[in-house]
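Colleague: Before we go through this model together, could you show me how to read its surface, its contacts and its ring pairs, taking one feature at a time?

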Amino acid sequence: MTAHEIDYRIYGEEMQYVEIELDPQEGVIAEAGSFMMMDDGIKMETIFGDGSQKDTGFLGKILGAGKRILTGESLFMTAFYNDLVGKRNVSFASPYPGKIIPIDLSVFSGKFICQKDAFLCAAKGVSVGVEFSRKLGRGLFGGEGFIMQKLEGDGMAFVHAGGTMAKKELLAGETLRVDTGCIVGFDHTINYDIEFVGGIKNTVFGGEGLFFAKLQGPGTVFIQSLPFSRLAGRVLASASRAGGKSKGEGSVLGGLGDLLDGDNSF
């Protein structure tokens, strides 16, 4: 498998986007909804699956695309090609505040495991598949279910981490315990399992869930400080308490302050 050799540049701090430079006939694949902008001369094409040609034949393509449904993604991906002479640029944006992480798959021995909504885009030729958990406990209690995404090939791929990203290099036998939702991705050499928090007080009153993710080296692990599920949960909880009405947050007068300011919505 030989992926297209693409150049790139990442812009921004908290709301980043990646600009991919395509030589003539080079291409890049991306998840639906990640596209930001492109130069004139870039051809956009909706493809079945990831277009890596890993699955040959009609049935193979059907099975390959069907696996994507299990990760909650669309059957289709979008490919962008440079059909003209000269270099052209196409850009993809992160879906929420955080960092875009470039992954050179050749450095990771051709395979990288990531959570199912972390993938942003990749060079044409990279295979975007699913990684099934062989352990029942991990599938039932791991937060991400039985399935994570796997990126295979020898090209560049880009994943997104929410909030601030931490990169950990684990030695052989070294262990890191992580909140299950905070995992962005890891080297395929990492041994990933689920560990019970333990203790009645921790379980009932800890507020951190019943299970940790246990990652054991050797290999590289990427951790995010703000999983989207955590952000969405806080927003929903706040909206539920507010009942859809302003509470005058930060004001001593509260609702009375809104009334004096001319806000009569409550």
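Colleague: To begin with a single residue, in which strand does Met 44 lie?

Modeller: Bear in mind throughout that this is a predicted model. Met 44 lies in strand β5, which covers residues 42-48.

Colleague: Which residues make the nonpolar surface patch with Met 44?

Modeller: Phe 35, Met 36, Met 37 and Met 38 join Met 44 in a nonpolar surface patch of about 450 Å², and the largest share of that patch, four residues, comes from β4.

Colleague: Taking Met 37 from that patch, how should I read its accessibility and its contacts?

Modeller: Partly exposed is the class between 20% and 50% relative accessible area, and Met 37, with 38%, is therefore partly exposed. Met 37 belongs to strand β4, residues 35-38, and once its neighbours within four places in sequence are left aside, Met 37 is in contact with Tyr 17, Val 90 and Ser 91. The C-alpha atoms of Met 37 and Glu 19, which are 18 residues apart along the chain, are separated by 9.0 Å.

Colleague: Is Thr 78 buried or exposed, and with which residues is Thr 78 in contact?

Modeller: Buried means under 20% relative accessible area, so Thr 78, at 15%, counts as buried. Thr 78 has its place in strand β6, residues 76-82, and, with neighbours within four places in sequence left aside, Thr 78 is in contact with Val 28, Ile 29, Ala 30, Met 44 and Glu 45; Met 44 thus appears here as a contact of Thr 78 and also in the nonpolar patch.

Colleague: How many aromatic pairs does the structure hold, and how is such a pair read?

Modeller: A pair of aromatic rings is described by the distance of the centres and the angle of the planes. The structure holds seven aromatic pairs. In one of them, Tyr 8 and Phe 158, the ring centres are 5.0 Å apart and the planes stand at 75°, so this pair is edge-to-face. Because Tyr 8 lies in strand β1 (residues 7-11) and Phe 158 in strand β13 (residues 156-162), the pair ties together parts that are 150 residues apart in sequence. Tyr 8 is partly exposed at 36% relative accessible area, whereas Phe 158, at 0%, counts as buried. Phe 108 and Phe 112 also form an edge-to-face pair, 5.2 Å centre to centre with 70° between the planes; Phe 108 counts as buried at 9% relative accessibility, and Phe 112 counts as buried at 0%.

Colleague: Which residues do ring pairs link into a cluster?

Modeller: Phe 35, Phe 80 and Phe 92 are linked into a cluster by ring pairs, and Phe 35 is also one of the residues in the nonpolar patch.

Conventions
Residues numbered from 1 in each chain as written. Predicted model: local features only at pLDDT ≥ 70, side-chain atom pairs only at ≥ 80, totals over all residues. Heavy atoms only, no water. Helix = DSSP H or I, 4+ residues; strand = E, 2+ residues; numbered from the N terminus. Buried < 20%, exposed > 50% of the residue type's maximum accessible area, 1.4 Å probe, protein only. Contact = heavy atoms within 4.5 Å. Patch = residues over 30% accessible without salt bridge, like charges linked within 9 Å, V, L, I, M, F, W, Y side chains within 5 Å. Areas by Shrake-Rupley, 256 points an atom, 1.4 Å probe, with all protein chains shown as cover. Salt bridge = Lys/Arg side-chain N within 4 Å of Asp/Glu carboxyl O. Phe/Tyr/Trp six-rings, centres within 6.5 Å; stacked < 30°, edge-to-face > 60°.
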